[in-house]
Amino acid sequence: MNLFDYMRENTMEKEAPLASRLRPKTLEEVVGQQHIIGKDKLLYRAIKADKLGSLIFYGPPGTGKTTLAKVIANTTSADFKQINATVAGKKDMEEIVAVAKDSMGMYGRKTILFVDEIHRFNKGQQDYLLPFVEDGTLILIGATTENPYFEVNSALISRSRIFELKPLEKSDILELIRRAVTDEERGMGTYQAVIDSDAAQFLADAAGGDARAALNAIELGVLTTQRSGDGKIHIDLAAAQECIQKRAVRYDKNGDSHYDTISAFIKSMRGSDPDAAVYYLARMLYAGEDIKFIARRIMICASEDVGNADPQALTVAVSAAQAAERIGMPEAQIILSQAVTYVACAPKSNAACLAIQAAMDTVKTTRSNPVPVHLQDRHYRGAADLGHGNGYLYAHDYPRHYVKQQYLPDGMEGAVFYEPSDNGYERQIRKHMEWLKN
């Protein structure tokens, strides 16, 4: 490193955002993630012993993936190289591999390559790393906000240990806020700032487990708030609310949180919990989910999980979908809430769903016998001459508008697919069918 590189790094370190300056340098300084870096955990022991294999850190933004990589960089005796997959190309990797080979050959030193946003590498770029991870030239540490089982090559996955980082607890965020305000070396301590307890509580809660969101809000608050008469900068609740603007919600439309939230949403409606269902609806709407996507899930639930126990549920869901799309946000949230709470509170039956599943399985696995002759159409040319439709009994000519005759193909007589439940309107359906056939 020449003098200019040294001066540039020194300046960048001093001028870096608070979240970057406050990064822990040792394992002991790390806040949260005790499920993977507690003193009895494998990762803690491996870092301390400098015996790391290839790793992939997976979790939402602001949970410490890059922080753990930096801690490893400060701890390891191996050479440490870092690239970001959003800007790095094959040439960058080739240069790192060449240096790593020389370091291993001449000095017996291993090289750790930290790839931030590793999911941004395409398949070819990930494949390029594989042989060097395989032969030990590189120890790979990848960081990703996306599920690595979907976004990282299976070959790299099989050669790496995956550690999932969780959103930080509120108490963890509060500790980081305290450090940010009081630390004079790396934090904002020299500004003589004071944060009110309710403001700190609000930021810790509103950050949604994202340390970076809370620290960015603290930095903005300290830098933009006028000093009070006592010479100190007071961050009160109003300032905190203004600095964070909008509560951080864990919701990535293409990531795990999307699928987890929609899963909880559907299961809450199915489980007849309108409070939980409307809460998850609010989370999706707040995060900007497409209202058409939400409406489709409500319609599916109305049919799959309510069915004929309340036939009106599907009507309400379809009407809500049409109205929400026509009206748009923000009023559409009221319409969707009405549909969600109706479906959640409706009596439940999956009998119609089970009926089609059973029928589909039968069609798929058994021979398709002809439609009984008396049910066949006799109106097209020549059909009547062939006897199609002969013997058909017209139901409306009989008492109760019902007559017993064979409707299923030969060999399937007596097969049952739809069995109405004892819930809601289906109880009436079941009783009606029993009355009809007796």
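# Reading a predicted model

Guide: Start with Gln33. Its place is the loop between helix 2 and helix 3 (34-37). Keep in mind that this model is predicted.

Visitor: What is the phi of Gln33?

Guide: Gln33 has a positive phi, about 60°. Yet Gln33 is not a glycine.

Visitor: Is Gln33 buried or exposed?

Guide: Buried means under 20% relative accessible area. Gln33 has 7%, so this residue counts as buried.

Visitor: Which other residue, not a glycine, has a positive phi?

Guide: Arg400 has one, of about 65°. Look in the loop between helix 19 (351-365) and helix 20 (424-437). Arg400 has 41% relative accessibility, so it counts as partly exposed.

Visitor: What does the charged end of Arg400 sit over?

Guide: The ring of Trp435. The distance to the ring centre is 4.3 Å. For pairs of aromatic rings, the count in this model is 4.

Visitor: Where is there a cis peptide bond?

Guide: Check omega. Between Met329 and Pro330 omega is about 10°, and the bond is cis. Pro330 belongs to the loop between helix 17 (312-327) and helix 18 (332-345).

Visitor: Now the sheet. What is the order of its strands?

Guide: Read the strands side by side. The open sheet has 5 strands in the order 2-3-4-1-5, and the pairing is parallel. Strand 2 (79-84) and strand 5 (161-164) are the edges, each pairing on one side only. On average, neighbouring strands are turned by 15° against each other, direction ignored.

Visitor: How many bridges join strand 1 and strand 4?

Guide: There are 4 bridges, in the parallel sense, between strand 1 (residues 55-58) and strand 4 (residues 138-144). To find the spot, look for Tyr58, which stands opposite Thr144 in strand 4.

Visitor: Which strands does helix 5 lie across?

Guide: Helix 5 (residues 65-75) lies across strand 1, strand 2, strand 3 (111-116) and strand 4. Helix 5 runs at about 145° to strand 1. Helix 7 (residues 123-134) also packs on the sheet, where it touches strand 3 and strand 4. The direction of helix 7 makes about 135° with that of strand 4.

Visitor: Next, the nonpolar cores. Which residues touch the most other members of the largest one?

Guide: Think of a core as buried nonpolar residues joined through their side chains. The largest here has 31 residues. Ile173, Ile177, Ile195, Leu203, Leu215, Ile218 and Val222 touch the most other members. Several elements give two or more residues, among them helix 2 (18-21), helix 10, strand 6 and helix 11. Helix 12 gives the largest share, 6 residues.

Visitor: What is Ile177 in contact with?

Guide: Set aside its neighbours within four places in sequence. Then Ile177 is in contact with Ile195, Ala200, Leu203, Ala204, Ala214 and Ile218. There is also a second, separate core of 30 residues, including Phe265, Ala317, Ala320 and Ala321.

Visitor: Which residues of helix 11 are buried?

Guide: In helix 11 (residues 197-206), they are Ala199, Ala200, Leu203, Ala204 and Ala206.

Visitor: What do these buried residues pack against?

Guide: Trace five elements around them: helix 10 (170-182), strand 6 (193-195), helix 12 (211-224), strand 7 (233-235) and helix 13 (237-244).

Visitor: Which residue with a positive phi follows helix 11?

Guide: Gly208, with phi near 60°. Compare Gln33: a positive phi of about 60° as well, but not a glycine.

How values were computed: Residues are numbered from 1 along each chain as its sequence is written. This is a predicted model: local features need pLDDT of at least 70, side-chain atom pairs count only at pLDDT 80 or more; totals for chains, interfaces and linings use all residues. Side-chain values use heavy atoms; hydrogens and water are left out. Buried means under 20% relative accessible area, exposed over 50%, partly exposed in between (1.4 Å probe, protein chains only). Contact means heavy atoms within 4.5 Å. A nonpolar core is a set of buried Ala, Val, Leu, Ile, Met, Phe, Trp, Tyr and Cys residues joined through side-chain atoms within 4.5 Å. Two strands pair if DSSP finds at least two bridges between them. Axes are lines fitted to C-alpha atoms, for helices over the stretch in contact, and angles run from 0 to 180 degrees between N-to-C directions. Rings of Phe, Tyr and Trp (its six-membered ring) pair if their centres lie within 6.5 Å; planes under 30 degrees apart count as stacked, over 60 as edge-to-face and the rest as tilted. A charge sits over a ring if NZ of Lys or CZ of Arg is within 6 Å of the ring centre and within 35 degrees of the ring normal.
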